[in-house]
Amino acid sequence: MTRSNPLQAAFNAGELGPRLAARVDFAKYRNAGARVENLTPLPQGGLTRRPGTRFVAAAADHGKRPRLIPFEFSTEQAYVLEAGEGAFRFFRNKARIIVQPTDATVTNGTFDTDIAGWDDISTGSANITSGKQDPTEFNTLQFATTQGLLWGQTNSPARACIGIQFVAPANAQVLTATIQNGVHPSGSTSFTAIAGIYQDSANTVGSQVGADSAAFTAGAVTFSFPSPPVITGGQTYWLVMRSTSAGRINTLGCANRPNVAGGFGTTPGAISAGSGGFPSNTDMRIRIRMLTVTADGTLNLNGNGADLAAAEQGVATTMAGQEHVIAFDVLGTDDDKAAIRVGSSTGGDQVLEEVELGVGRHTVAFTPDASPFYVQFLNRANKTVYIDNVTFLASGAAAAVPLTLEAPYQEDDLQHLKWAQSADVMYFAHARHAPRKLERRGHATWSLVRVPFQDGPYLDENIVPAMTLQPSATTGTSITITADGHSPFQPGDVGRPVRLRPSGEPGWAVITEVISPEQVRAAVKRAARWRCRTTTDSISPSPPTRSMPSAGCRPAGSSFWGLRAASGRPPRTGRW
């Protein structure tokens with residue numbers, strides 16, 4: 001039989017599987033192959049050899065398996081991310097992006113104990129201070145039984161000072177002391193007060209440890225210690241709160257708390273256990289926030305919304321004209337921002353104009369034209385934003401180093417990491433980590449920041465009449481929200497959104513401090529119609545038990561995030 005060998009002029013249908021071997025009626029059959037190996041079909045019909053591979057660089061850690069993620073802004077600006085354990089590295093044009101060695105160094109970029117080496121160039125009443133971020137907290141002191149304690153100089157009898165006895169759980173610094181205030185039976189009147197930490201001397205207030213707290217007006221709740229008193233683990237101390245003007249309030253109570261020793265007095269030295277008629281069944285609620293003396297320090301940029309909070313450091317180098325890369329953290333709630341600029345003179349921006357950056361880790365590249373140059377961190381908002389871990393990449397290195405951006409993902413996380421890109425921004429989702437976005441501003445200028453969700457996501461709305469939330473105000477960056485009939489707040493809730501719907505358009509806020517399981521401090525993002533007690537409220541899934549969005553995508557103009565289903569409940573999705 002004559003054998004037919006028809007001409008196959010095109011192969012642009014690719015490779016067909018065995019189940020299509022007899023489908024001669026299939027339109028693309030004549031342009032396909034049964035096996036196309038090491039070849040790439042071309043749209044014009046021909047075949048070309050597939051490109052080979054080449055060795056570019058070793059992985060950051062040979063013992064950890066990374067993932068390669070394409071970051072494609074355009075055909076001319078494309079990158080490959082090496083997502084390794086705890087960090088991203090960057091590749092471009094078949095090579096790693098590297099940072100050349102420099103002799104420029106940052107003085108005191110970790111702020112462990114102070115902010116020495118940094119100059120305060122703030123304007124007006126804004127300022128910079130040393131602080132602590134994410135402290136290890138010990139023995140939250142919350143005491144209560146049944147009746148209120150009246151405090152203030154105009155009480156009868158006068159109770160200018162209240163002392164509470166406590167045992168230090170570890171070598172630590174005292175950051176804040178919080179008391180929850182209620183309404184005095186005869187009417188509360190505002191007054192000023194300060195707090196101090198004192199040694200115990202046979203159940204009596206002894207000598208003071210460190211300095212007093214900043215003054216506050218009763219109606220607020222927290223005493224802050226600008227110079228935190230240092231206490232020794234295992235020793236007994238007194239927290240003494242002292243009114244400095246006439247007034248009176250009632251302290252709030254709660255049930256099922258351990259009793260403690262305390263006392264009233266006209267002066268701190270007059271206080272002892274039970275003095276001044278202090279009841280043995282103490283019903284005050286006190287929270288003392290302490291942290292270890294080795295806890296992580298920060299540079300605090302304390303803004304007021306009108307003036308500029310700014311810190312500056314002059315940096316000397318013999319390598320002017322060479323690109324430098326500075327890395328640092330911005331800390332705060334998800335929607336906080338700080339800015340960096342670099343000048344050839346103090347307060348200037350001749351080298352790098354002001355760049356605003358979100359909460360996360362950043363690398364910023366610039367080329368100084370002279371020495372010294374001046375690095376500045378700025379905050380224009382009406383709140384405190386924190387800077388930490390400031391360093392120059394390749395500072396003191398003998399050779400160039402890869403550009404590296406720290407990330408929270410461990411090796412086990414990488415295989416479940418999801419991403420979606422929109423122009424210069426790539427969004428990451430993982431069930432065990434808060435959503436983040438990678439922002440590109442230049443070949444060596446990258447940011448990995450938290451995604452600042454606006455008004456959500458939330459758990460199911462509360463509609464139980466006996467469970468309410470009471471905001472202290474409708475606007476402001478430091479209002480209090482008090483729960484009645486339930487205890488919804490947990491340690492670690494900082495950054496958690498809360499929605500309040502007294503009527504009509506709901507308002508929402510972000511938690512900035514957890515005072516107790518029933519009370520938090522928050523920054524209002526959108527005001528509700530008016531201040532009132534509301535039963536129709538919603539709270540976001542709370543850490544550490546909440547599920548994070550494990551998948552996301554970003555079509556034009558919107559972000560879609562999905563929560564993994566848990567406990568038999570349907571998965572949650574949302575658009576923001």
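**Exercise 1. Are K383 and D336 buried or exposed, and how far apart are the closest N and O atoms in their salt bridge?**

Step 1: K383 and D336 are both buried. Here buried means under 20% relative accessible area, exposed means over 50%, and partly exposed is in between (1.4 Å probe, protein chains only).

A quick note before going on: this is a predicted model, where local features need pLDDT of at least 70 and side-chain atom pairs count only at pLDDT 80 or more, while totals for chains, interfaces and linings use all residues. Residues are numbered from 1 along each chain as its sequence is written, and side-chain values use heavy atoms, leaving out hydrogens and water.

Step 2: The closest N and O atoms of K383 and D336 are 2.7 Å apart, in a salt bridge. That term means a side-chain nitrogen of Lys or Arg within 4 Å of a carboxyl oxygen of Asp or Glu.

**Exercise 2. Which residues are linked with K64 in a network of salt bridges?**

Step 1: Start with the pair E85 and K64, whose side chains meet in a salt bridge at 3.5 Å, N to O. E85 sits in the loop between β4 (78-84) and β5 (87-92), and K64 in the loop between β2 (47-49) and β3 (67-72), so the pair ties together parts 21 residues apart in sequence. Strands (E, at least two residues) are DSSP runs, numbered from the N terminus.

Step 2: Now add E411: K64, E85 and E411 are linked in a network of salt bridges.

**Exercise 3. How many salt bridges does a search of the whole structure find?**

Solution: The search finds 18, and R35 with E37 is a salt bridge at 2.8 Å, N to O.

Notes:
Helices (H or I, at least four residues) and strands (E, at least two) are DSSP runs, numbered from the N terminus.
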